[in-house]
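Here are a few exercises to work through with the model open beside you. Try each task on your own before you read the solution.

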Amino acid sequence: MTYKIIITDDSAADTAFLRGLAEEWAAERRITAEIAAYSSSEAFLFRWEEDQACDLLLFDIEMPGIDGVTLAKKIRQTNKNVNIVFITGYSDYIAEGYEVSALHYLMKPVDREKLFRTLDRAYERSVRDMQYLTLKMPDTVVRVPFGEIRWLEVRQNYVTVHADRDYTLKAPLWDFENQLSSDSSFYRVGRSYIVNLRCIKQVMKKEILLMDSTVIPLPRGMYEPLNREIIKRL
């Protein structure tokens, strides 16, 4: 696997610094990385229209013309999964990152260890998104990327997998739990649910609220264990 990183920053010095650190990170982790850089949002978009093969986008926010946040919003119109990290000298933009599901913000001057931790997180997400849940439907076999799955529920003898679309099939929940066990983001909640911890917005005493506004009942005694898992795993 070649891990593809794109840096977009109008500062040649900042770009060279980030590229050097990213190359150092890849060498330490023994990861084959391909790193490209663009000096403007417009130059990046010209490339993006031709080729969207990329695992991580590092965007400077304060750029002339199209700024980094606006650029990220354009990307999210066609690609919801690529990891985006903002590089900025100001903290004022952090709230806007939620709109484009930014993985992280890094403040300038970029700290080496913080960048390495962020690159580790992004790489782990990319590896996770290469994993699939295999569903044997009545007339076909469907492979659903782990990254698309929000939650699973069982009713009687049927399990529904809630992803970009819903899939319902006759099977025990533990069958899916076994398939998902390689990804620590998935957590069994009581007898009836498996939840993707990354999709949780809020945990209340009796309910779980997901990012898409789905409400899942929380069994008695699960409030503390679930919160501990969120802290531990994420």
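**Exercise 1: A residue in strand 15**

Ile216 sits in strand 15. Keep in mind that this is a predicted model.

Task: Decide whether Ile216 is buried or exposed, and find how far apart the C-alpha atoms of Ile216 and Tyr193 are.

Solution.
- Step 1. Buried means under 20% relative accessible area.
- Step 2. Ile216 has 0% relative accessibility, so it counts as buried.
- Step 3. Now look at Tyr193, which is 23 residues away from Ile216 along the chain. The C-alpha atoms of the two are separated by 8.4 Å.

**Exercise 2: Reading the open sheet**

Task: Work out in what order the five strands of the open sheet are arranged, and say which strands are at the edges.

Solution.
- Step 1. Trace the sheet from strand to strand: the order is 10-9-8-12-11, and the pairing is antiparallel.
- Step 2. Look for strands that pair on one side only: these are strand 10 (166-170) and strand 11 (186-189), the edge strands.
- Step 3. Check the angle too. Ignoring direction, neighbouring strands in this sheet are turned by 20° against each other on average.
- Step 4. Zoom in on one pair. Strand 9 (residues 158-162) and strand 10 run antiparallel and are joined by five bridges. Thr160 has Thr168 of strand 10 standing opposite.
- A general reminder: the strands of a sheet pair through backbone hydrogen bonds, in either a parallel or an antiparallel way.

**Exercise 3: Unusual backbone spots**

Task: Find out which residues other than glycine have a positive phi, and where the cis peptide bond is.

Solution.
- Step 1. Start with what to expect: most peptide bonds are trans, and most residues other than glycine have a negative phi.
- Step 2. One residue to pick out is Gln156, which isn't a glycine but has a positive phi of about 55°. Gln156 is in the loop between strand 8 (151-155) and strand 9. With a relative accessible area of 76%, Gln156 is exposed.
- Step 3. Another is Ser213, with a positive phi near 80°. Ser213 belongs to the loop between strand 14 (207-210) and strand 15 (215-217). Exposed means over 50%, so Ser213 counts as exposed at 55% relative accessibility.
- Step 4. For the cis bond, go to the peptide link from Lys108 to Pro109, where omega is near -5°. Pro109 is part of the loop between strand 5 (104-107) and helix 5.

**Exercise 4: Salt bridges across the chain**

Task: Say how many salt bridges the structure holds, then follow three of them, starting with the partner of Asp14.

Solution.
- Step 1. The count is 12 salt bridges.
- Step 2. The side chain of Asp14 meets that of Lys108 in a salt bridge, at 3.0 Å from N to O. Asp14 is in helix 1 (residues 12-29) and Lys108 is in the loop between strand 5 and helix 5, so this pair ties together parts that are 94 residues apart in sequence. Asp14 is partly exposed at 27%, and so is Lys108 at 28%.
- Step 3. Next, Asp212 forms a salt bridge with Arg150, and their closest N and O atoms are 2.6 Å apart. This pair links distant parts of the chain, 62 residues apart: Asp212 is in the loop between strand 14 and strand 15, while Arg150 is in the loop between strand 7 (141-145) and strand 8.
- Step 4. Then comes the salt bridge between the side chains of Arg188 and Glu177, at 2.8 Å from N to O. Arg188 is in strand 11 and Glu177 in helix 6 (residues 173-180), 11 residues apart.
- Step 5. Finally, look for shared partners: salt bridges join Glu24, Glu28, Arg29, Arg112, Glu113 and Asp120 into one network.

**Exercise 5: Cysteines and a surface patch**

Task: State how many disulfides the structure holds, and name which residues form a nonpolar patch on the surface with Val127.

Solution.
- Step 1. There are zero disulfides. Cys54 is buried, at 12% relative accessible area, and Cys199 is buried too, at 16%.
- Step 2. Val127 forms the patch with Met1 and Met130, and together they have about 280 Å² of accessible area.
- Step 3. Place Val127 in the fold: this residue is in helix 5 (residues 112-128). With 34% relative accessibility, Val127 counts as partly exposed.

Terms used:
Residues are numbered from 1 along each chain as its sequence is written. This is a predicted model: local features need pLDDT of at least 70, side-chain atom pairs count only at pLDDT 80 or more; totals for chains, interfaces and linings use all residues. Side-chain values use heavy atoms; hydrogens and water are left out. Patches are made of residues with over 30% relative accessible area and no salt bridge: like charges are joined within 9 Å, nonpolar side chains (Val, Leu, Ile, Met, Phe, Trp, Tyr) within 5 Å. Accessible areas come from the Shrake-Rupley method with a 1.4 Å probe; for residues, only the protein chains shown count as cover. A salt bridge is a side-chain nitrogen of Lys or Arg within 4 Å of a carboxyl oxygen of Asp or Glu. Helices (H or I, at least four residues) and strands (E, at least two) are DSSP runs, numbered from the N terminus. Buried means under 20% relative accessible area, exposed over 50%, partly exposed in between (1.4 Å probe, protein chains only). Two strands pair if DSSP finds at least two bridges between them. Axes are lines fitted to C-alpha atoms, for helices over the stretch in contact, and angles run from 0 to 180 degrees between N-to-C directions. A disulfide is a pair of cysteine sulfur atoms within 2.5 Å.
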